[in-house]
Amino acid sequence: MADSTVKIDDTTRNRLKALAAAAGMSMKDYLARVAEEKEHEQQLDTATAAFRRVIGAPGILDRFDADFGAMPPATAHDTRRAA
């Protein structure tokens with residue numbers, strides 16, 4: 001695989017170099033990891049949007065409950081609260 005040169009300003013280069021060093025990586029490896037993480041974020045965003053469309057469809061939650069059973073009611077000893 002061929003390497004490429006990318007022109008960036010000194011401030012950005014220094015920031016990337018510092019981040020790579022803090023991660024114990026070369027800048028090349030660090031940028032490869034960042035690209036992979038960004039691709040993963042995009043995939044998760046796509047999946048989340050699809051999930052929201054599906055569960056937002058009229059009657060889908062009722063159909064799910066009919067096929068698989070509804071969530072059990074909270075028990076008296078369930079004391080979980082939002083922080």
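Reader: Which residue follows H3, and what is the sign of its phi?
Author: In this predicted model, helix H3 covers residues 60–68. The residue that follows H3 has a phi near 90°, which is positive, and that residue is glycine 69.

Reader: How many residues of H3 are buried?
Author: A residue counts as buried when its relative accessible area is under 20%. H3 has 9 residues, and it lies largely in the open because the number of them that are buried is 0.

Reader: In which helix is confidence lowest, and in which is it highest?
Author: For the chain as a whole, the mean pLDDT is 88. The lowest confidence is in H3, at a mean of 86. The highest, at 97, is in residues 10–22, which form helix H1.

Reader: Which element gives the most residues to the nonpolar patch?
Author: The patch on the surface is formed by Phe51, Val54, Ile55, Ile60 and Leu61, with about 440 Å² of accessible area together. Two elements, H2 (27–55) and H3, each give two or more residues to it. With 3 residues, the element that gives the most is H2.

Reader: Is isoleucine 55 buried, partly exposed or exposed?
Author: Isoleucine 55 lies in helix H2 and belongs to the nonpolar patch. Partly exposed covers the range between under 20% and over 50%. The relative accessibility of isoleucine 55 is 35%, so this residue counts as partly exposed.

Reader: What share of the residues in the chain is buried?
Author: The chain has 3 helices and 0 strands, and its accessible surface comes to about 7900 Å². Of the 83 residues in the chain, the buried share is 4%.

Definitions and conventions: Residues are numbered from 1 along each chain as its sequence is written. This is a predicted model: local features need pLDDT of at least 70, side-chain atom pairs count only at pLDDT 80 or more; totals for chains, interfaces and linings use all residues. Side-chain values use heavy atoms; hydrogens and water are left out. pLDDT is the predictor's confidence in each residue, from 0 to 100. Helices (H or I, at least four residues) and strands (E, at least two) are DSSP runs, numbered from the N terminus. Buried means under 20% relative accessible area, exposed over 50%, partly exposed in between (1.4 Å probe, protein chains only). Patches are made of residues with over 30% relative accessible area and no salt bridge: like charges are joined within 9 Å, nonpolar side chains (Val, Leu, Ile, Met, Phe, Trp, Tyr) within 5 Å. Accessible areas come from the Shrake-Rupley method with a 1.4 Å probe; for residues, only the protein chains shown count as cover. A salt bridge is a side-chain nitrogen of Lys or Arg within 4 Å of a carboxyl oxygen of Asp or Glu.
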